[in-house]
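Trainee: I'm new to this one. Could you walk me through it and tell me how the labels are earned?

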Amino acid sequence: MSTPLQIVVCGSIVPDPLQTLDPVTGAGSPSIKNEMMLPAILDPWAGHALYEAAHLAQKTPGSKVWLVSLGPKAKLQQVMMTVAQKVPFELVALDGTASGFSDSFETAAALAGAIATIPGLDHSKLLVFGGWESASRGAGSTLQMVGERLGIVEQFQGVDQITVREDGSFEVLERIEGGRHQVSICAAPPAVLGWATGHLPEPRNNPQVGMANMRAIMPALQRAKAAPISSAGLRFHSVSLPKQQRETRIVKNMPAEEIAREIVAWIGEE
Amino acid sequence: MESILLLVHMESDGLLAKPALEALAAALALGGELTVGLVGGAAQPAANQIAGCGAARFLVVAGDPYTQPRYATDAAAAEALCRQAGAALVLAPATSRWARALPGVAYRLGGRVDTHATSLSVQDGAPAATRWFYRQRMEAVLSRSERPWVVLLDAGCNPAWTGPAGTAQVEAVTVETPPTRTTVTGVQAPKADEQTIRPDARLLFVAGAGWTKKQPDGAVHGAEAETLILGFLRAAKASLGGSKSLVDLSGEGQPVLRFMTHLNQIGQTGATPRHPKGLSTCCHGEEPHVVGWRFVNQRRAINLDPNCGWARGKADVLYVADAFEVMRHLNKLLA
């Protein structure tokens with residue numbers, strides 16, 4: 001593999017999925033109760049994108065990975081302490097909301113603006129990665145608009161695999177309906193890839209990588225520009241938690257055969 | 001009510017699939033003047049399929065470049081249809097094809113986009129969409145002032161339109177096919193007898209990591225687990241889901257169920273399928289997994305731990321039992 005790649009991963013932070021989330025509605029956009037107090041993690045699908053980017057960069061000498069992240073600076077710093085130990089990357093931070101209730105259109109504008117200012121970025125080597133959906137807004141629409149703003153119309157979503165070939169072209173597997181993958185060949189970068197889970201496990205923490213990353217991450221956080229997201233045209237009529245509590249019947253000491261009969265009867269019910 | 005454009009694409013058989021007919025029903029229920037925009041190889045059969053729906057116009061972008069799902073060509077076709085129709089509200093089924101292309105189209109039109117809408121309503125005289133946030137943790141009703149507003153409707157949330165076929169008067173919309181460096185070369189699918197994901201199944205069967213753990217005799221029974229699960233899926237015509245911990249095992253080189261992939265994963269970083277019933281086995285029912293069960297109506301679980309997550313109001317019934325044993329009996333009864 002000859003051509004070095006420049007891989008820009010877009011990824012933000014989300015509340016730890018084990019936390020209880022309560023919506024708060026007020027005069028402006030809704031928010032999550034005590035959002036700044038909740039532990040945060042790197043958005044899971046963005047995390048997969050970052051690990052895939054690092055893996056691809058490692059296999060392609062001369063390649064580099066950036067992580068462009070929009071979130072409250074203090075929370076970004078917290079999350080980066082962990083993420084920085086996983087794989088090598090350079091952070092481009094934007095100080096703003098990571099709320100799921102903000103508008104993907106404006107988020108895309110902020111991210112595309114930040115990508116455009118990365119020094120030395122060469123579109124002929126550029127791959128823009130990210131999660132195909134976030135675990136907050138879950139819209140699956142931000143990356144496409146980032147791509148449009150950067151003039152990139154080779155776009156793929158729900159990506160589980162990229163294979164770069166000798167001639168610089170690459171094969172992409174995208175998730176489609178019915179547990180299948182669509183296979184495409186893209187002749188060359190630039191391209192946008194929204195990642196599903198891919199095939200890589202989460203890398204182990206590597207303190208040396210962490211130390212090397214953090215040297216650049218702290219200055220990047222200090223440099224983080226404010227990225228106001230107004231979501232002016234978006235109006236929430238209501239935000240509510242589902243009434244999900246069920247009265248669970250716990251069945252103990254029932255013979256397996258009887259359980260099986262009960263389940264068969266239940267399956268057969270209309 | 002504002003004017004509506006419904007964007008649909010044809011399937012490989014030239015017709016519209018169920019999600020398109022569901023979106024059509026949702027569009028008609030809103031009550032605005034409806035234009036249908038069709039994209040694909042040849043549009044007449046699909047337009048005829050819904051000729052009796054009452055749409056004011058049938059706009060068509062058809063031809064070879066539009067037979068395959070691909071961002072550049074799909075976005076160009078959808079953009080042309082949107083500009084031709086000039087509708088304020090653009091609805092589409094949330095297929096993988098439209099989910100890929102339409103957010104970019106919204107940007108090109110200076111509009112906004114919302115995806116994964118589960119229903120549409122009229123609030124204060126304007127359209128409003130209901131969708132979930134934070135991976136099915138909370139539900140919101142929202143509207144937008146920007147137009148066009150592109151809304152993608154999730155499949156399985158609305159009844160499909162049914163009505164008379166006929167002969168539709170279609171209007172071809174000319175599109176300058178954009179240059180693209182992407183060639184779609186095919187589809188990778190499991191062999192027919194290995195297909196474990198069945199979106200239309202009445203039952204979702206979920207396997208957790210417990211299937212690959214040591215059993216009371218001190219040994220792992222991976223082969224038997226595979227036989228039991230596949231046997232059940234065939235007999236019950238169920239769809240297979242997995243917990244993250246189980247599908248992750250395949251990436252870590254540990255004993256795994258060979259047919260289980262990340263495509264089967266249910267939960268926070270997996271799918272949120274819609275099935276009337278779900279049966280969980282050897283899975284603890286932790287919150288990040290259970291958010292993927294949001295649209296499974298009746299839930300039962302089999303687990304050895306009476307204090308697992310399922311017991312805390314997440315399942316209707318929790319059987320405290322050995323799943324291997326129950327599944328052996330289940331398969332006998334279903335045989």
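**Pairs, sheet, contact and cores**

Mentor: Sure. In this predicted model, strand S11 (residues 203–207) and strand S13 (residues 275–281), both of chain B, run parallel and pair over five bridges.

Trainee: What makes S11(B) and S13(B) a pair?

Mentor: A pair needs at least two bridges, and these strands have five, so they count as paired. Within that pairing, B:Val206 sits opposite B:Ser280.

Trainee: Which sheet holds them?

Mentor: An open one of six strands, in the order S15(A)-S15(B)-S14(B)-S13(B)-S11(B)-S12(B), with parallel pairing.

Trainee: Why are S15 of chain A and S12 of chain B called edge strands?

Mentor: Because each of the two pairs on one side only. From one strand to the next, the twist averages 20°.

Trainee: How do you know that S11(A) and S10(B) pair, and in which sense?

Mentor: They share six bridges and run antiparallel; the cut-off is at least two, so they qualify. A:His181 stands opposite B:Gln188 there.

Trainee: How many residues does each chain bring to the contact?

Mentor: Chain A brings 73 residues and chain B 82 residues. On the side of chain A that touches chain B, H6(A) gives the most, with nine residues. By class, that side has 37 nonpolar, 23 polar and 13 charged residues.

Trainee: Which residues have the most contacts inside the largest nonpolar core?

Mentor: A:Val9, B:Leu6 and B:Leu91, in a core of 143 residues. Among the residues A:Val9 touches are A:Leu50, A:Trp66 and A:Phe129. Apart from that core lies another, of 45 residues, including A:Ile259 and B:Leu203.

How values were computed: Residues are numbered from 1 along each chain as its sequence is written. Chains are lettered from A and ligands numbered from 1 in the order in which they are written. This is a predicted model: local features need pLDDT of at least 70, side-chain atom pairs count only at pLDDT 80 or more; totals for chains, interfaces and linings use all residues. Two residues are in contact if their C-beta atoms, placed from the backbone, lie within 7 Å. Helices (H or I, at least four residues) and strands (E, at least two) are DSSP runs, numbered from the N terminus. Ala, Val, Leu, Ile, Met, Phe, Trp, Tyr, Cys and Pro count as nonpolar, Asp, Glu, Lys and Arg as charged, and the others, Gly among them, as polar. A nonpolar core is a set of buried Ala, Val, Leu, Ile, Met, Phe, Trp, Tyr and Cys residues joined through C-beta atoms within 7 Å. A residue is buried if 20 or more other C-beta atoms lie within 10 Å of its own, exposed if 12 or fewer, and partly exposed in between; C-beta atoms are placed from the backbone. Axes are lines fitted to C-alpha atoms, for helices over the stretch in contact, and angles run from 0 to 180 degrees between N-to-C directions. Lists of a residue's contacts leave out its neighbours within four places in sequence.
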